[in-house]
Each structure stands twice: as structure tokens, then as C-alpha cells.
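Biologist: I have a new model open and would like to learn how to read it. Could you walk me through some features, one by one?

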Amino acid sequence: MAKIILTADRAVFTDYHKADALGFGLCLPYRFIPEMVEYHLLAPKIPTEGLRAKFAPYALCKVEASLIAAGFSRRDVLITPPHMLTKAVDRDTEMVGVHVLDPKGLAPVSWTMKVVSGGGKSCTEFEFEKLIRVVKSLKEKYRFKVIVGGPGAWQLRGYEDEYGIDVLFEGESELTFPMIVKKLLDGEDVPRRVRGESVPLGRIPPIVTPSRNGQVQVTRGCPRRCQFCSPTMWAFRSIPLDAIVKEVEFNLKNGIRSIGLVTEDVLLYGAHGLELNPDAVKKLFKVVTDLARRWEVPGKIGFSHISCASALVLKDTVRYISDILGLSDDEPSFPQIGLESGSPRLLAKYFRGKVYPWRPEDWPDMVVESSKLFNDSYMYPCYTYIIGFPDATPKDYVATTELIDRLKDEGIKGWVWPLLLIPMGGTLIEKKATFPKLPKLPKEAIDCLVAGMELSYEGIRSLAPKAIRVKNPLLSKLLGSLLSLALKAMKASMNEIRKDPSVIANIYSKIDIRSTRGFAKAVLPIVVKGGLRTE
Ligand code: SF4
């Protein structure tokens, strides 16, 4: 069997029923997510051909491609989902590579949900621990090496012995990862922690396993240098169009029926630093849209992120993208966008590049103006903002609340999610900040947090059926019922937290509907009434 097995935990190695937004549900403490909901609705199993996954998370596909480009054969390398791992590993296995996104539940969404709901392991952490226990016991039997890497690897610093990790790998994989694997397989000494070096564009090989939900990376890194961000620590590059086309076509030829462009800001495609290149962006969308038409791809081409500043520089390009993708109020797109704060003071200090080419004091107006542009172009933003900058004052929080109120008054369609600041490993802010604690935050911070939740509540109520489309009618009905339940809980909790945040420790921390009994008691009355009711 294969020498090198690549895998990830169930919260990562799934297609979220083709609705990536469902992945955010796995950031909740697992006591809030009944088993059947997690495994059947949020994180279904990925199908296999024998032991090999039919498709895989994009990052694992890239790691596999880099190993093959470095001289390993396809037979040497096997991407397998976690439920097949015990079958895939045998005495031929020399190395298991585990891709991690959020293994300790410290990513911004998980940590925030944990704090506002009273603690407990997130599903992401729960699933990682489940997987790594299996890897560790297999390692004791077969004596292979374990490398763990990915955007969440920083969370595991210091846990190497506990989890049986031989090498913790951070950074880019293409050049360094295959070299480390070869050394390990040759029995050479390798440092316990390795940082992958930046990869020149010509040395990023195309995937050879189809990627989950048709994801294909179009830019890597970001030149805006926000201090709390990890992708910005990587050199900014735009993937050449022919390489993008090759991966999209490969996916389509291999049965993937969707296209998702992975980027930190799709309008940065082809840019030189922060000098934008509208022709390159338009060409990207034209070429990919032509491919989608030729292959009769149902649904819209997705793109993960966009930014306010780029959109205001390239207004025409935003409209062009909307037109060529055929966006409409029935089929809008939901890009993620960092709003971060309404305070120009905090912006100037922590994310100055985000406003370029304007000034920090322009930021609140820019957010409102670009939101109108997005909405007019049928892009309904999923904004996030940060609570807990190290020296944030009540005045800074009030500025953010006022900005959220302006978005509300303008009737902007979308979400505005509060996230607690995370001093992520490898970021510029890592050593300057600590994890914020709710009881230590001023009242203005709590008001600011609730203001975003309130606007997001309205966004979910009106937009969820468009944002999360699950084909299976039974699952869709169940999802609608759960959403209805979650909205009721969210509405009640917003009022309660605003009145008295100690409700989190005294009441929310004790809720547990993981068991079938607890789940049935909470959900069945709503399921019986049925349908996606979001009022
Ligand atoms: S704009 Fe976004 S991706 Fe770029 S540095 Fe800032 S947070 Fe990171």
C-alpha cells in the first residue's frame, strides 16, 4: 500500500453538503451540535474509490501534487478521509501527514463562539483530537512518522509529544514539504518544527486529485499587511491564468460540478503590490465563466473574499463580475470581507493597508459606500469585525457600533459578525496581544458585539435560504428547522447578554444537546411543524 498517507479530521475532510457556509457550524462547541447533525448535515463523509478520496480539501490536493512533482509516484501517496484511515495504514506506511485548520479551537470564529456560549471544545477541536488519537495508536503499531501542517499548525506548538507529532510544519508546502518527507523516510534528522519557504509561481504544481467543491486558488498572500492576519505574511502572488484553467478543467473532467475561486481579495488578481489590474481580473472571470458554460456547471462561480478598498477603486470591475456571473437577488454571492473596526485610530495602528489608497478617517464612509456597491451588484457581504484590540477604548467600540448602525439604517443586506481578536501564531500582532476575556471588556465592547449579532440575525433571517442551498429535500427541511431554532436562541441570547453577560457562565455553559435525547427534546417540535421558517 502507499508509503505516504495524507488525511485531515472530519471537520476539515468533508464537503459540507456543497454549502461551504455550513462549515462555520463546526466552530460551535460540540455540546451544541447533536451527533447526527454534525455527521449527516454539517460534515458528511467524503466518498472514496477504494481507499482514495474521490475529492479532497484543496490544501491536501496541493501537498499531494508537490510530493509527486518532487519524484514520488501516485502509488506512493494516498489521500484518504479519516473514516478510511485505519484501513489505509499498514506496514508499508512510512509517513502520515495531517492537514489542520483549527485543531485546538483557537481560530477566530471558534474562539468567539466558545466565549459567547460558555466554553467547551469546538467540533473542530473535538474532531482533531479524535483523529490524532487514532493516528497515535496506529503509529505505535506501525512506527511511521507523523507530520502535521496547515494554517492551524501554530495552535499545536508545544503539543508535539502529547499527540505524537514528529514534525510540525508551518508555511508553504511545495518546496520544503517534499524535502522534509524525503529526509524523514531516509532516516535523517529533521527539526521538530519546520517553516516552509515561499514558493516561486513556476514551482506550484497543479492538483492531481479533484478538489472539494471545485476550489482553486487564484491568489496567494496579501499585500495589505494587517497585523492580525496570517496570509499577509506570505509573499503576494497571482496564480497564472493557464494554471488556474488547468485545475478548473481537471476538476470538471473528474466530475466536480462547481467552481470556487480561493483568494484573500479577488480584485487583487494580477495586481502589482496594491496597484490593481482590472483587465487581469476581468480576464480571469471571463475565462472561468466560459469554462463553466462549456461544462454546463450548475450554480454560480464562487469567490471567497473581496475588499472594500479594492471595490471602490474598481467599481466597474465589481459590476462586470456581477454581470458575467449572472448574479441576481435570487442568486447573489456572499463574499467574506474584513470590516475589523469603525475606529480610524485602530485602523491606522493595526490595519493601515486595508484602506489604501485612502486615509484611515475615510474608512467608515468607505465601508458604507462599498456596501451599497456590493448590494447593487448582488453581492451580500459577510463582514467580520474585531473585538479586543490590545488598547481599544470605549470610544473605539462606539465608533464601530455607529458604523454598524449606519449599515443597518442604509438597509444593507449581509452579515456583520463580531470576532474576538486572536493573536495567531506567525502574525505581526502575535506577541503584542492576548486572548480577550469577556468579563474584562468594557460595556461598550459588549454593546458593539451585540450590535453586530443583531444585524447578522436579520441577515440570516432574510438571506440564509439563498446562502445555504442543500439539494436533498429532507436535509434542507431539517436544516431550515435547525436554523429556526438557532435564530430563536440567538435572539434570546443577544438580549440576555446585553443585560447581563454573566448569563453565559451561569446558563449557556450548561446547555448540552449533543445526545439524541437532548437533541430530540429541543428540535422535534420544530421539525414537526417543518419548513425553513426564518421569522
Ligand atoms: S486585507 Fe485581509 S487578507 Fe489582506 S492583510 Fe488584511 S486581513 Fe489579511
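Modeller: Here is a friendly tour, starting with confidence and then going through helix pairs, the ligand shell and the backbone.

Biologist: How far does the confidence score reach across the protein chain, and what is its average?

Modeller: Remember that this is a predicted model, and that pLDDT is the predictor's confidence in each residue. The protein chain averages a pLDDT of 93, and 97% of the residues score at least 70. Read residues 530-535 with that in mind, as pLDDT stays under 50 there. For that stretch the model has 16 contacts beyond four places in sequence.

Biologist: Let's turn to helix pairs. At what angle do α8 and α9 cross?

Modeller: Helix α8 (residues 241-253) and helix α9 (residues 278-294) cross at roughly 20°, and their axes come within 11 Å. Angles under 35 degrees count as roughly parallel, and that makes α8 roughly parallel to α9. The crossing is right-handed. On the α8 side, Leu241, Val245, Val248, Glu249 and Leu252 take part, and they meet Lys283, Leu284, Val287, Val288 and Leu291 in α9. By class, the residues of this contact are eight nonpolar, no polar and two charged.

Biologist: Which residues link α9 with α11?

Modeller: First the geometry: α9 and helix α11 (residues 315-325) pack at an angle of about 5°, with their axes 10 Å apart. The two helices are therefore roughly parallel to each other. From α9 come Pro278, Val281, Lys282, Phe285, Lys286 and Thr289, while α11 offers Thr317, Tyr320, Ile321, Ile324 and Leu325. This contact of α9 with α11 has seven nonpolar, two polar and two charged residues.

Biologist: And how far apart are the axes of α13 and α14?

Modeller: The axes of helix α13 (residues 363-376) and helix α14 (residues 394-409) are 10 Å apart, and the helices pack at an angle of about 25°. α13 and α14 are therefore roughly parallel to each other, and α13 passes α14 in a right-handed crossing. Pro364, Val367, Val368 and Ser371 in α13 meet Leu403, Arg406 and Leu407 in α14. Five of the residues in this contact are nonpolar, one is polar and one is charged.

Biologist: Which residues surround the ligand?

Modeller: When reading a ligand site, list the neighbours, then sort them by class. Around the ligand are Cys222, Arg224, Arg225, Cys226, Cys229, Pro231, Thr232, Glu264, Ser307, Gly338, Phe351 and Lys354. Sorted by class, this shell has five nonpolar, three polar and four charged residues.

Biologist: Last, the backbone. Is the peptide bond from tyrosine 356 to proline 357 cis or trans?

Modeller: As a general idea, most peptide bonds are trans, and most residues other than glycine have a negative phi. The bond from tyrosine 356 to proline 357 is cis, with omega near 15°. You will find proline 357 in the loop between α12 (344-350) and α13.

Biologist: What is phi of lysine 18?

Modeller: Phi of lysine 18 is near 65°, a positive value in a residue other than glycine. Look for lysine 18 in the loop between β1 (4-8) and α1 (35-42).

Definitions and conventions
Residues numbered from 1 in each chain as written. Predicted model: local features only at pLDDT ≥ 70, side-chain atom pairs only at ≥ 80, totals over all residues. Axes fitted to C-alpha atoms, helices over the stretch in contact; angles between N-to-C directions. Helix = DSSP H or I, 4+ residues; strand = E, 2+ residues; numbered from the N terminus. Parallel < 35°, antiparallel > 145°, perpendicular 65-115°, else oblique. Left-handed = near helix turned anticlockwise from the far one by under 90°. Contact = placed C-beta atoms within 7 Å. Nonpolar A, V, L, I, M, F, W, Y, C, P; charged D, E, K, R; others polar. Near = placed C-beta within 6 Å. pLDDT = per-residue confidence, 0-100.
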